[in-house]
Amino acid sequence: CRQFLSDNHPDVIYVHHEKESIGVDDIREQINNTDQIKPYSSAYKIYIVDEAEKMTVQAKNALLKTLEEPPSYVVIFLLTTRADAFLPTILSRCITLKLKPLYDGIIRDYLMDKLSVDKSEADICTAFARGNLGKAISLASSEEFAAMPRVVLALLKNVRSMDIAEMLEMLKQWKENKLDIEECLDFMQLWYRDVLMFKATQDTAGFIFKDEYRYIREAADKSSFHGIEEILEAIEKAKKRLDANVNFELTMELM
């Protein structure tokens, strides 16, 4: 999409950044210093700021003046999944357009038909994307994400035969190998969602991990409803602790 915009629409500017945050220099150089240049071939000059919640406070303040008095031909899109991260002064000067998530079937079919992703991988990427096609495409093309299911499944399939020390050592290796721990925990929640669904319905139609039916069934047979719910709650608590910067080893041991 970005390449298409830059190649075919000179009046559509994708505000890019190379860092974890969008700094004040990014906003000044790509928006504030260019918005007075009129569009070349269109009635409007459109700026698209993706992941706009990553703007620093200084960047948001730098953009505020342009949002207050933009040239008549300028339209600025701030794309985000976290509108609450914006300053109230910015929100008050914007019109909010809420986009609904896409159906899972649409995302799964796109990955399989357009990107030739196999069904099992497409199912996992679709579940993680939660209706966001762009995220699904990014996950499907990520080597790091592709390696994650194999590593996490090695733990989930053998968790009942492992002691705490073995589990913690495996979790420590995840961090050392720079796996995205939050994604690993999300993956574990999806796994136990399948376990809970099978225990409740004995139906595999809604499975994400259809290829792992034997292990899902075994986990469901050996777990109570209350036990599965406790596991899901423990994983959720671990995510919140990590977000609060609680020590990684301690968080994993508690989980």
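This tour of a predicted model goes through a buried aspartate, several salt bridges and a pocket.

Select aspartate 35 first, in the loop between α2 (24-32) and β2 (45-49). Aspartate 35 is buried and has no salt bridge. The nearest side chain of opposite charge belongs to lysine 45, 7.1 Å away; a salt bridge requires a nitrogen-to-oxygen approach within 4 Å. Now show the contacts of aspartate 35, leaving out neighbours within four places in sequence: Tyr47, Thr66, Pro71, Tyr73 and Val74.

Next come the salt bridges, of which the model has 10. Select glutamate 51 and lysine 54, whose side chains pair at 3.3 Å, N to O. Glutamate 51 is partly exposed at 33% relative accessible area, and lysine 54 is partly exposed at 25%.

Move to arginine 108 and aspartate 123, a salt bridge at 2.6 Å, N to O. Arginine 108 sits in helix α5 (residues 104-114) and aspartate 123 in helix α6 (residues 119-129), so this pair ties together parts 15 residues apart in sequence. Arginine 108 is partly exposed at 23%, whereas aspartate 123 is buried at 7%.

Add lysine 119, which also bridges to aspartate 123, with the closest N and O atoms 3.1 Å apart. These two residues are four apart in helix α6, about one helical turn. Shared partners join Arg108, Lys119 and Asp123 into one network.

Finally, go to the second largest pocket, with a volume of about 620 Å³. Of its 26 lining residues, select Val159, Arg160, Met167, Tyr192 and Ile231, the closest to its centre. Elements giving two or more residues to the lining include α8 (143-158), α10 (181-201) and α12 (225-243). By class, the lining has 18 nonpolar, three polar and five charged residues.

Notes. Residues are numbered from 1 along each chain as its sequence is written. This is a predicted model: local features need pLDDT of at least 70, side-chain atom pairs count only at pLDDT 80 or more; totals for chains, interfaces and linings use all residues. Side-chain values use heavy atoms; hydrogens and water are left out. Buried means under 20% relative accessible area, exposed over 50%, partly exposed in between (1.4 Å probe, protein chains only). Lys and Arg count as positive and Asp and Glu as negative; His and the chain ends are not counted. Contact means heavy atoms within 4.5 Å. On a 1 Å grid over the protein atoms alone, a cavity is a set of points where a 1.4 Å probe fits but cannot get out, and a pocket is an open set with protein on both sides within 12 Å along at least five of seven lines; lining residues have an atom within 4 Å of a point. Grid points are joined across faces, edges and corners, and a volume is the space filled by probe spheres set on the points. Ala, Val, Leu, Ile, Met, Phe, Trp, Tyr, Cys and Pro count as nonpolar, Asp, Glu, Lys and Arg as charged, and the others, Gly among them, as polar.
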